[in-house]
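Let's take a walk through this protein, one corner at a time. Keep the 3D view open and turn it as you read.

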Amino acid sequence: MTANPPQNASASSLRTALRIVNTVLERETSGRAGFNVARLAHEVGIDPSKASRITQELCDRGLLERREDATLRVAAEFFALARALDHGLLGGSRPILRRLAIEHGASARLSVRDGVLVRLLRAESAPEQWPARTSLVTPCWCTGAGRALLLDHTRDEIAALLADYELIGVGGPNAAHSAEELVAANDRDRPDGMVTAHGEFEHGITEYAVPVRDGGGRICASVALLGRQPDLMPRAEQIRAGLAAAAAALEELVSS
């Protein structure tokens with residue numbers, strides 16, 4: 001079946017925008033000098049004119065900003081999410097995530113949602129590394145962390161959130177391709193209290209995730225465990241218990 005060109009273009013643009021934001025943030029957190037548009041285009045592997053157009057769109061949306069020397073950095077709004085967690089969730093999460101990662105030999109992650117984006121705030125990995133990409137910004141519809149952040153959303157709220165986005169072509173082989181598919185996946189997982197995402201972001205990778213709630217019962221973050229599907233699937237029940245305990249500990253930080 002022939003793919004729809006506008007859908008492919010939309011998916012490609014979103015993937016490129018995510019790669020650009022990730023690349024700028026990784027460069028910034030490394031402590032090295034930032035990229036200007038030309039160097040960013042080379043690093044990401046895209047045409048300079050395309051990089052210029054997308055970075056301008058990202059600046060217009062408040063996700064990136066230009067310094068006086070024309071290098072790019074992530075805009076203040078990106079870090080406002082972490083600052084909003086001033087109750088100690090970010091700082092206190094490290095030992096909780098570390099224990100979870102070591103116990104299950106995988107990567108434990110704390111994430112928050114910003115519109116359709118999931119922003120990784122902290123990740124802790126077991127000593128034995130596994131070959132999966134660490135993405136700082138991902139779409140909400142094709143990750144366990146993202147789906148956990150949307151567990152309280154109604155069908156209409158999810159449809160409205162994704163109305164301007166083309167889901168086809170983004171994510172792994174089992175990613176949702178429509179708002180209806182995303183709703184169905186969350187309806188399936190909600191009774192278990194844990195989102196199960198097999199191959200939704202990347203082939204062969206499983207992600208289990210649960211929401212973290214604030215004192216008012218609202219979802220403010222998600223905690224997830226991510227690793228090779230054959231390694232994690234046999235441990236699903238132990239992982240469920242571990243994630244529930246981690247979420248409870250994180251919620252204590254939120255309330256303190």
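About 40 Å³ of space lies in the second largest cavity of this predicted model. The structure holds two cavities of 30 Å³ or more. How would you spot a hole like that in the first place? Rolling a probe the size of a water molecule over the atoms shows where empty space is left.

Who lines the second largest cavity? Look for Ala197, Glu200, Phe201, Glu202, Ile205, Thr206, Glu207 and Leu226. As for their chemistry, the lining has four nonpolar residues, one polar residue and three charged ones. Strand 7, which covers residues 205–213, gives the most to this lining, with three residues.

**Strands side by side**

Stay with strand 7 for a moment, and see how it pairs with strand 8. The two run antiparallel and share nine bridges. Pro211, for instance, has Ser222 in strand 8 as its bridge partner. Strand 7 and strand 8 make a hairpin with five residues between the strands, and here Gly217 takes a positive phi near 85 degrees.

Is strand 8 mostly covered or mostly open? Mostly covered: of the 10 residues in strand 8 (219–228), nine are buried.

Strand 8 also pairs with strand 3 (residues 107–114), again antiparallel, this time through five bridges. One place to find this pairing is Ala108, whose bridge partner in strand 8 is Leu225.

Now follow strand 3 to strand 4 (residues 117–125). Eight antiparallel bridges join them, and Val112 stands opposite Arg119 in strand 4. Strand 3 and strand 4 form a hairpin too, with two residues between them, and Gly115 in the turn has a positive phi of about 65 degrees. From strand 4 you can step on to strand 5: they pair in the antiparallel sense over three bridges. Arg119 turns up again here, with Val137 as its bridge partner in strand 5.

Here are the pairings in one place:

| Strands | Sense | Bridges |
|---|---|---|
| Strand 7 and strand 8 | antiparallel | nine bridges |
| Strand 3 and strand 8 | antiparallel | five bridges |
| Strand 3 and strand 4 | antiparallel | eight bridges |
| Strand 4 and strand 5 | antiparallel | three bridges |

**A covered serine**

Next, zoom in on Ser111, which sits in strand 3. Why does Ser111 count as buried? Its relative accessible area is 4%, and buried means under 20%. Setting aside neighbours within four places in sequence, Ser111 is in contact with Val118, Arg119, Leu120, Leu121, Ala145, Leu149, Ala221 and Ser222. You have already met Ser222 as the bridge partner of Pro211.

**Two rings at an angle**

Last stop: aromatic rings. How many aromatic pairs are there? The count comes to one aromatic pair. Trp141 and Tyr165 make it up, with 6.4 Å from centre to centre and 45 degrees between the planes, so the pair counts as tilted, neither under 30 degrees (stacked) nor over 60 (edge-to-face). This pair links distant parts of the chain, as Trp141 and Tyr165 are 24 residues apart. Trp141 is in the loop between strand 5 (137–139) and helix 6 (144–149), while Tyr165 is in the loop between helix 7 (155–161) and helix 8 (179–189).

Are these two partners buried or partly exposed? Trp141 counts as buried because its relative accessibility is 0%. Tyr165, at 31% relative accessibility, counts as partly exposed.

Key: Residues are numbered from 1 along each chain as its sequence is written. This is a predicted model: local features need pLDDT of at least 70, side-chain atom pairs count only at pLDDT 80 or more; totals for chains, interfaces and linings use all residues. Side-chain values use heavy atoms; hydrogens and water are left out. On a 1 Å grid over the protein atoms alone, a cavity is a set of points where a 1.4 Å probe fits but cannot get out, and a pocket is an open set with protein on both sides within 12 Å along at least five of seven lines; lining residues have an atom within 4 Å of a point. Grid points are joined across faces, edges and corners, and a volume is the space filled by probe spheres set on the points. Helices (H or I, at least four residues) and strands (E, at least two) are DSSP runs, numbered from the N terminus. Ala, Val, Leu, Ile, Met, Phe, Trp, Tyr, Cys and Pro count as nonpolar, Asp, Glu, Lys and Arg as charged, and the others, Gly among them, as polar. Rings of Phe, Tyr and Trp (its six-membered ring) pair if their centres lie within 6.5 Å; planes under 30 degrees apart count as stacked, over 60 as edge-to-face and the rest as tilted. Buried means under 20% relative accessible area, exposed over 50%, partly exposed in between (1.4 Å probe, protein chains only). Two strands pair if DSSP finds at least two bridges between them. Contact means heavy atoms within 4.5 Å.
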